[in-house]
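Colleague: Got a minute to go through this model with me? I'd like to start with the cysteines.

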Amino acid sequence: MLYLKKLVIILLVSLVSCSKLKYHDNTELAEYLKNFTAYNTKGIRTTLYSIGKSIKGNDLWVVNITAVKQQKVGIPNIKFIGTIHGNEPVGREILLYFMEYLRDNYETNSEIRWLLDNTRIHILPNLNPDGFALANEQNCNGEYGRSNGKQGMDLNRNFPDYYHKRRIPEAAETKAVKKWMTDVPFILSAGLHGGALVANYPFDTIKELTSYSKQPPSLTPDDDVFKHLANVYAQNHLTMHQGKSCTGENIEFEGGITNGAAWYPFSGGMQDYNYAMRGCMELTLEISCCKYPDAKNLAKFWEQNKK
């Protein structure tokens, strides 16, 4: 019996620590999420559900973690989404760290306790499993695996746009997110990306291009709130608030934040759709200069983003 108890402890420790050692492939990630939600820490309820399937039939798994009673109403729902671009997977692993941190610190950390007592947190680590399956570790700047599968669609250019009618067919993953937002009234959201170090806020889209060398910002009616949210993230990040360019050039993003269109405009972005069509305030968080860095750096990225 003592041997069995020790074996269970070893297995549980492995479950917690495995996300700190490697990138999980799609099968491993699904198993990890199932194991994570198979038992609940005292006071916390974790549930696993799928919002749909990718174009190649992979489930888009979400973990809901909260200490709020299931029947209680008026509780805000927030969401975090990783691997929107398949070749930017740091976010998927950071979100596993986050889940573990919430669970492991609920009883000892008053801030975490308050958060889980007053919020329902939904975590989708892997929006683009098909693209991720094609991407390669240590590929910092390439595009292979970015879209939802070989010769697929860019999922961050695939949503209905505030200013422009979209003629691009919607991907299965896009439809799944749209239905998810119909089913759950989210108010706050973050999409995790890589390739830069900045907190990006809406709008990404613009009404029309200008002839200026630098595109002016495309502002929402809630620009003050978005700037506040972006500043909160950037200032709590260990390095983002410095606003330094990933290429080593002069400071590029004042305070580590930017309006999307002022950086570079595009249509069909997910954060714009969240805000304009669903009333959910979403930030796009660029959290690593290298899109797909060596796994040995994952613990460092977690420490940078934890607070």
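Modeller: Sure, let's start with Cys289: Cys289 is partly exposed, at 35% relative accessible area (buried means under 20%, exposed over 50%, partly exposed in between, with a 1.4 Å probe and protein chains only). This is a predicted model, where local features need pLDDT of at least 70 and side-chain atom pairs count only at pLDDT 80 or more, while totals for chains, interfaces and linings use all residues. Residues are numbered from 1 along each chain as its sequence is written, and side-chain values use heavy atoms, leaving out hydrogens and water.

Colleague: Which cysteine does a disulfide join to Cys289?

Modeller: Cys246, with S to S at 2.0 Å (a disulfide is a pair of cysteine sulfur atoms within 2.5 Å). The link is left-handed, with -80° about the S-S bond. Cys246 is partly exposed, at 34%.

Colleague: How many disulfides does the whole structure have?

Modeller: The search finds 2. A disulfide also joins Cys140 to Cys290, S to S 2.1 Å. The torsion about that S-S bond is about -90°, so this disulfide is left-handed.

Colleague: Is Cys290 buried or exposed?

Modeller: Cys290 is buried, at 13%, whereas Cys140 is partly exposed, at 30%.

Colleague: And the pairing in sequence order?

Modeller: Numbering the bonded cysteines along the protein chain gives 1-4, 2-3.

Colleague: Switching topic, what does Ile121 touch?

Modeller: Leaving aside neighbours within four places in sequence, the contacts of Ile121 include Val63, Phe80, Phe98 and Leu116 (contact means heavy atoms within 4.5 Å).
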